[in-house]
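This report concerns strand pairing and residue burial in two regions of one chain. The structure is shown below.

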Amino acid sequence: MSMEGSCRLGSKGLIKKHEFVRVIIQCLYSIGCGKSASCLELESGIACQSDYFRTLESKILSGNWNGCIDMLNGIKELTEEARATALFLVLKQSLLEYSKCGDDKLALEILRKEVPSLQVGRDKIHSLAHSILFLKDMEQSKTDNNEVCELRRKLLQELENLLPPPITIPGRRLEHLVETAVLTQIDSCMYHNLSGAVSLYEDHLCSRDQIPTETVQILTEHKNEVWFVQFSHNGEYLASSSSDCTAIIWKVLEDGSLILRHTLRSHLNPVSFVAWSPDDSKLLTCGNGEVLKLWDVETGTCKHTFGDHGFIVSSCAWFPDSKRLVCGSVDPEKGIYMWDCDGNELKAWRGMRMPKIVDLAVTPDGENLISIFSEKEIRILNVGTNAERVISEDHAITSLSISRDSEFFIVNLNSQEIHMWDVAGKMEKPLKYMGHMQSKYVIRSCFGGANSTFIASGSENTQVYIWNRRNSRPIEVLCGHTMTVNSVSWNLKRPQMLASASDDQTIRIWGSSLSKKTQPKKLS
């Protein structure tokens with residue numbers, strides 16, 4: 001082995017040639033190139049399987065169980081747990097074979113004396129005993145040699161997964177090494193905005209052209225400040241709401257441009273918030289200090305009004321089935337309501353423990369209801385178990401957004417920071433994002449990009465900020481608006497499309513600098 005370890009590869013001399021070749025041979029076998037693998041073994045003089053494993057293989061295939069057990073007990077690098085599991089598998093195979101051959105005395109002796117000494121748990125031992133009884137009842141004929149050989153091969157595969165290197169090589173080792181290298185390059189790429197495979201022919205590095213950085217369209221239909229924007233889940237629509245007391249549904253065309261589909265007029269007050277149903281067939285609109293309305297997306301008609309004029313809505317969210325919704329109120333006595341689409345109350349959270357609700361959201365998997373209350377508190381409620389966790393922030397929270405995978409959420413603070421927490425509660429401290437301006441108004445942020453890699457936010461200084469989640473400082477600052485940017489939304493199906501809403505009464509659609517060069521369009 002000293003000769004094998006003496007030859008090194010690579011400019012840094014960190015790769016042992018013997019191990020490198022073994023891993024390549026294993027890969028060739030795993031992708032079905034057995035002839036090429038055999039040729040490489042012959043030419044290099046390096047075998048995929050170690051001498052130790054080949055000896056173990058011969059003992060298993062010949063039924064030399066005592067020899068096999070001695071070899072397993074002699075492996076110093078094997079953990080005691082793995083050794084017990086490996087020995088149990090060997091004794092199980094030997095026991096089954098003895099039983100099927102009619103040697104009940106020897107099988108019973110192994111079951112009583114050797115198997116319990118492995119400390120593998122009584123459940124496994126009982127299961128093994130039941131298997132033997134089942135075989136005795138079902139199979140009175142002698143053991144078929146082909147069946148025995150197949151079972152021994154299966155045992156060999158199970159042991160191969162248990163034994164440590166260099167006796168065996170972990171499965172698909174070369175694929176794992178290459179994938180790890182690719183992931184490392186992706187993680188260091190601040191602009192990575194692609195889904196799927198990347199090329200191995202060169203080191204991976206995306207340019208800023210992969211994310212939206214240029215205004216490609218300006219929407220001017222609203223007659224007053226635009227407070228909120230949100231793309232539909234299928235990426236085919238954009239909804240916006242404004243202090244002009246309307247909400248608008250925009251259609252995203254194939255070429256990436258947007259046209260007005262419906263103007264929703266029914267609220268008496270400014271519309272502060274909208275929420276798409278997960279199936280994108282319905283839209284909720286929250287009037288500022290008034291009721292919640294449900295709209296049919298196809299027709300643009302109002303289907304239902306929730307609550308009454310005494311119910312002051314602050315935010316709303318959908319459950320994944322598109323049949324249930326929740327709504328929070330700034331009135332502590334109202335709390336949070338769960339309704340169906342016909343306005344039937346299904347559940348409510350009220351009382352002293354449910355003070356003023358600032359914002360709320362349901363994780364896309366439907367498991368957790370996250371709400372912002374008392375301005376500085378985040379409440380995570382598991383809807384199924386009613387288990388809850390509260391996170392306290394030092395500054396007032398203005399908004400909340402959840403990642404598509406239901407694992408993370410971000411909150412905007414009036415301290416000019418965005419904090420990212422995990423839903424499961426593993427993080428002791430949040431990841432923080434800074435650079436934007438927020439101290440007086442409600443500013444909303446969102447996750448975005450092909451794998452929710454980015455965070456985007458509006459700002460009181462008229463700009464849009466984009467961060468890579470791994471970096472606390474923005475990677476891009478987008479200029480164009482002339483007043484506070486209140487809300488942003490990243491298109492889930494078009495990772496290079498971003499929308500922003502501003503007090504300047506416009507919505508800007510941002511795209512990649514590589515997208516089709518067109519003059520920004522204004523809809524009037």
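A residue is called buried under 20% relative accessible area, exposed over 50% and partly exposed in between, with a 1.4 Å probe and protein chains only. Strands (E, at least two residues) are DSSP runs, numbered from the N terminus. The model is predicted, so that local features need pLDDT of at least 70 and side-chain atom pairs count only at pLDDT 80 or more, while totals for chains, interfaces and linings use all residues. Residues are numbered from 1 along each chain as its sequence is written, and side-chain values use heavy atoms, without hydrogens and water.

Strand E29 (residues 498-502) has five of its five residues buried. On one side these are Leu498, Ser500 and Ser502, and on the other Ala499 and Ala501, so both faces are covered.

Two strands pair if DSSP finds at least two bridges between them. The antiparallel pairs are listed here, with their bridges.

| Pair | Bridges | One bridge partner pair |
|---|---|---|
| E28 (residues 485-490) and E29 | five bridges | Val485 and Ser502 |
| E29 and E30 (residues 507-511) | four bridges | Ser500 and Arg508 |
| E6 (residues 246-252) and E7 | seven bridges | Ile248 and Thr263 |

The hairpin of E29 and E30 has four residues between the strands, and Gln505 in this hairpin takes a positive phi near 75 degrees.

E6 and E7 belong to an open sheet of four strands in the order E4-E5-E6-E7, with antiparallel pairing. Its edge strands, E4 (226-231) and E7 (258-265), each pair on one side only. Neighbouring strands of this sheet are turned by 20 degrees against each other on average, direction ignored; the axes are lines fitted to C-alpha atoms, and angles run from 0 to 180 degrees between N-to-C directions.
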